[in-house]
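I opened the notebook to go through this model piece by piece. The entries follow the order in which I looked things up.

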Amino acid sequence: MTPFILLPVILAIAAACGLPDHIGPTPPVKTVINNVHLFNGDRFSDLSSLVIVGGKISNAPPTSADHVVDGAGGYLIPGLVDSHCHVTDCSYLTSMRQYGITSALDMGTYPYSNLSACKAEGVTDVRGTGAAATVNGTDISQAPGFPTNSFVNSTAAAQDFVRDRVSEGADFIKVFLDPLGPSAETVAAIVNAAHQNDKLVITHATTYDAYDTAEEAGVDIVCHAPLDDPLDASSIENLIQSEITAVPTLIMMQSIVNNTGAPLDVYTQVVEASVTNMQNAGVPILVGSDSNTAPFVPANPPFGVSLHDELELLVAAGLSPVQALQGATSMAASTFGLFDRGAIRTGLRADLVLLRADPTTDIRNARSIEKVWIEGV
């Protein structure tokens with residue numbers, strides 16, 4: 001029987017059996033969002049349309065769509081990235097999605113397999129470090145179940161620590177800086193081993209001296225702002241020379257000041273002032289909430305909403321609304337090597353947030369969320 005005769009026979013049999021009458025893979029779902037302003041990283045466009053095909057932003061014509069969404073004159077931004085959180089339960093990702101966070105960067109959940117188990121279609125995408133390197137005696141080392149193979153007090157132990165994190169699949173490497181250690185020499189060994197494995201190194205640093213250690217060791221990203229002394233011109237110049245990016249977690253630092261009874265001007269004159277100084281000098285600043293539910297830390301910023309608190313605190317510290325948005329989208333994605341997201345551009349993941357109002361005129365409008373797409377879902 002020739003192919004021309006065989007195909008109708010196959011289709012007839014398929015129809016009789018109640019099977020789909022097409023041959024080959026199912027075509028990808030096509031969604032069109034009409035009547036929206038698109039954020040290009042600096043400003044919004046005039047009213048336009050956006051096409052999503054198979055979970056990616058597409059340049060296909062906005063016709064013959066499976067789904068059509070009326071944007072109602074709203075404002076479409078890339079999905080937000082929380083560059084510092086602690087996702088110890090998968091349900092937290094649902095809360096983050098509700099607030100437009102489509103990527104979550106976890107900074108310490110262990111074992112890493114607990115985090116990777118949270119990956120699923122249509123929920124906030126999560127990446128992480130696994131357990132942070134530290135030394136015995138620090139606050140984090142006393143956390144229940146903290147792995148002793150994360151105690152790092154020598155260059156040899158540094159290499160073992162990185163090997164263990166890489167073998168369990170960690171996306172990044174984290175070091176907890178504390179007056180007890182690890183030393184700058186040990187941290188530098190961690191950095192060297194991590195970079196040999198194409199891993200970024202992120203540090204917990206809440207003091208001026210911890211920033212000095214991070215700068216000396218050549219880490220990639222420093223988290224938190226100091227609580228003791230504001231970063232001055234010398235320290236900030238070292239940040240710039242070392243090409244270090246900061247994730248200040250202002251909402252966490254403000255909460256610590258409020259919860260511990262420290263003088264309120266510690267926040268304005270030390271924490272906020274450090275961010276203002278970094279911003280004025282051109283240090284790249286990303287947006288991270290330090291959301292967590294741990295009982296052994298002094299503050300627990302809630303998942304999702306606290307990222308919007310962080311955006312507003314960063315603007316109060318001197319960032320423009322556009323710079324704050326960049327720190328939660330394109331800059332975060334590029335800094336962490338997530339090159340498939342962070343912008344509204346053909347070929348990237350369709351991680352998108354539809355807002356009712358313009359966040360570039362008032363960052364509080366980033367809360368006016370109508371819809372969220374995660375990889376087109």
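**Entry 1: the sheet with S8 to S11**

I began with one residue pair: Ile-202 stands opposite Ile-221 in S10. The model is a predicted one, and I kept that in mind throughout. I then looked up the two strands around that pair. Strand S9 covers residues 201–204 and strand S10 covers residues 221–223. They pair in the parallel sense over three bridges.

Next I asked in what order the strands of this open sheet come. I read off S8-S9-S10-S11, four strands with parallel pairing. I noted S8 and strand S11 (245–247) as the edge strands, each pairing on one side only. From one strand to the next, the twist averages 25°.

I also looked for a helix packed on this sheet. H5 lies across S8 and S9. I noted its direction too: H5 runs at about 175° to S8.

**Entry 2: the sheet with S5 to S7**

I moved on to another open sheet. Three strands form it, in the order S5-S6-S7, and the pairing is parallel. Why is one side of S5 and of S7 left without a neighbour in the sheet? Strand S5 (80–85) and strand S7 (125–128) stand at the edges and each has a single partner strand, so one side of each stays unpaired in the sheet. Neighbouring strands here are turned by 20° against each other on average, direction ignored.

I then checked the pairing of S6 with S7. Strand S6 spans residues 101–106, and four bridges join it to S7. The two strands run parallel. I picked out one facing pair: Ser-103 stands opposite Asp-125 in S7.

Here too I looked for a helix. Helix H2 (residues 91–98) lies across S5, S6 and S7. Against S6, H2 runs at about 135°.

**Entry 3: strands around S4**

I turned to S4, which takes in residues 67–78. Seven bridges join strand S1 (residues 30–39) to S4, and the two run parallel. I noted one partner pair there: Val-32 has Val-68 in S4 as its bridge partner.

S4 also pairs with strand S12 (residues 352–355). This pairing is antiparallel and has four bridges. I found Val-353 in S12 as the bridge partner of Ile-77.

One backbone angle in S4 caught my eye. Ala-72 is not a glycine, yet its phi is positive, about 55°. I confirmed that Ala-72 sits within strand S4.

**Entry 4: peptide bonds**

I asked which peptide bond leading into Pro-111 is cis. The bond from Tyr-110 to Pro-111 is, with omega near -10°. I placed Pro-111 in the loop between S6 and helix H3 (112–116).

I logged another cis bond, from Gly-181 to Pro-182. Its omega is near 5°. Pro-182 is found in the loop between strand S8 (173–176) and helix H5 (184–196).

**Entry 5: domains and their contact**

I looked up the domain assignment of the chain. It gives domain 1 as 30–76 + 345–373 and domain 2 as 80–336. The C-alpha centres of domain 1 and domain 2 lie 30 Å apart. I noted 15 residues from domain 1 and 19 residues from domain 2 in the contact.

How much area do domain 1 and domain 2 bury between them? I read about 1,300 Å², with 66% of it on carbon and sulfur atoms. Ile-363, Arg-367 and Val-372 supply 41% of the area that domain 1 buries against domain 2. That is more than any other three residues supply.

I then looked for charged pairs. The rule finds two salt bridges across the interface of domain 1 and domain 2. I also checked Arg-367 by its side chain: Asp-309 and Arg-367 meet in a salt bridge, at 2.7 Å from N to O.

**Entry 6: the record**

Last, I consulted the UniProt record. Its annotation "domain: Amidohydrolase-related", from an unreviewed entry, covers residues 75–376. I looked at that span in the model. The end C-alpha atoms of residues 75–376 lie 17 Å apart. I noted 37% helix and 14% strand for the span.

Terms used. Residues numbered from 1 in each chain as written. Predicted model: local features only at pLDDT ≥ 70, side-chain atom pairs only at ≥ 80, totals over all residues. Heavy atoms only, no water. Pairing = 2+ DSSP bridges. Axes fitted to C-alpha atoms, helices over the stretch in contact; angles between N-to-C directions. Contact = heavy atoms within 4.5 Å. UniProt positions renumbered as here; feature names shortened; annotations may be inferred. Domains from an automatic or database assignment. Buried area = accessible area lost by both parts, 1.4 Å probe. Salt bridge = Lys/Arg side-chain N within 4 Å of Asp/Glu carboxyl O.
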